[in-house]
Amino acid sequence: MSNSALWWLAAILAAIALAIVLVVARFIRARNMQLWLPQYVRRKPRAKHAGPTHVMFCFVDHYEPMHGRPDLEVQRARVDRWCRDYRALADRHRDADGRRPQHGFFYPEEEYLEEHLAKLEALCRDGYGELEVHLHHDNDTEANFRESIARFKQLLHERHGALPRHPDTGEIMFGFIHGNWCLDNSRPDGRWCGLDNELILLRELGCYADFTMPSAPSDTQTSTVNSIYYATDDPLRPKSHDRGVPVRAGGTPSGDLLLVQGPVGLNWRDRRHGFVPRVENADIRANYPPTPARVDGWVETGIHVEGRPEWIFIKIHTHGAPEKEAEVVLGPAVDAMFSHLEQHYNDGERHVLHYVNAREVFNIVKAAEAGHGGDPNDYRDFILPPPPNRSATGTVRAAS
């Protein structure tokens, strides 16, 4: 081959390589993957351990019956469907402890309607989940935020028997999910929050942990992924939870707020067009229902407290109230998801499955931090007890 032909071949190959690089770069930027991909690529494998892996599975819901501003009858139908169909769905499933799947209803403060919460309260009282705090706000002030959260958590506790009191301080405690993913004013344009000191405020108001992340592909996504960690607030800057200190077995608490993340990564099993990986963001939606491949990926991600690799945490989320999403979350796809978990991750030898709610995740994380091991089922109420309306545990014992 002549030098000229070689030159042209090299030029063509270089052009192809450049085109591939540009396509990949566009793919990454379009999904804001540049925010989290570096840490994801540098992740260390979970340490090997003796004995089974205990799988804590937690399903949290940005539960918004008023989504889309429907009339009251539509809202009622949404809540009634959940209170009926979730019972039937959960009753078909059990974990290693005889427990049904647990649903975390993170209810928006700004959408409070007593009749909706009364129905969800009854569902939680019967052992199907727990109520927590969700909030959408914009251009907020510290005074208004304090008043809104304090009023709402008092209302949930006193009128609906939700939220536990801390056994030492008597403080009403709550788990939190930020609306529009904008925890600590993390959206670049400053919309849908307004508070650069939100982590401090949440701590002072009794938030035991935040469950907002992951938010990919939103530009609010943190660079920290697949982690359980403490964040320290810089009250003069937004998005202080972008990085933090991992929770460690035998360690001590630090910073202002504990954050529990769900899995983020590249899903090569459910590829688009046969070769493009999907971005795994722990979100269950009509356009991204759960599959066995996704479940396997969540387990493989292995989110855990450092030094306790045999306890892994899978936190997934949804917006389950609107009809389109309810078709998935209350339908065959999630039914099959639970079945896959029970059939493949609950053999008692390689894996042991535990359905947990957000409060129990916090308690088990804190038990690991305190140096405890063994069966995490023993630590569901390690620090925070069940809320007053939790008259049942969701455990169904075999008849003697």
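Leaving aside neighbours within four places in sequence, which residues is Phe57 in contact with?

1. Phe57 is in contact (heavy atoms within 4.5 Å) with Trp298, Ile314, Ile316, Met337, Phe338, Leu341, Leu353, His354, Tyr355 and Val356. This is a predicted model, in which local features need pLDDT of at least 70, side-chain atom pairs count only at pLDDT 80 or more, and totals for chains, interfaces and linings use all residues. Residues are numbered from 1 along each chain as its sequence is written, and side-chain values use heavy atoms, with hydrogens and water left out.

2. The largest nonpolar core (buried Ala, Val, Leu, Ile, Met, Phe, Trp, Tyr and Cys residues joined through side-chain atoms within 4.5 Å; buried means under 20% relative accessible area with a 1.4 Å probe, protein chains only) has 62 residues. Phe57, Phe59, Phe174, Phe176, Ile316, Met337 and Phe338 touch the most other members. Helix H3 (residues 72-90) gives the most to this core, with six residues. Apart from it lies another core, of 28 residues, including Met56, Val356, Ala367 and Leu384.

3. Pro292, Val295, Asp296 and Trp298 in H7 meet Met337, His340 and Leu341 in H9. By class, this contact of H7 with H9 has five nonpolar, one polar and one charged residues.

4. Ser218 is found in the loop between strand E5 (207-210) and strand E6 (228-231); helices (H or I, at least four residues) and strands (E, at least two) are DSSP runs, numbered from the N terminus. Ser218 counts as buried because its relative accessibility is 18%. Not counting residues up to four places away in sequence, Ser218 touches Asn32, Leu35 and Trp181.

Methods
Buried < 20%, exposed > 50% of the residue type's maximum accessible area, 1.4 Å probe, protein only. Nonpolar A, V, L, I, M, F, W, Y, C, P; charged D, E, K, R; others polar.
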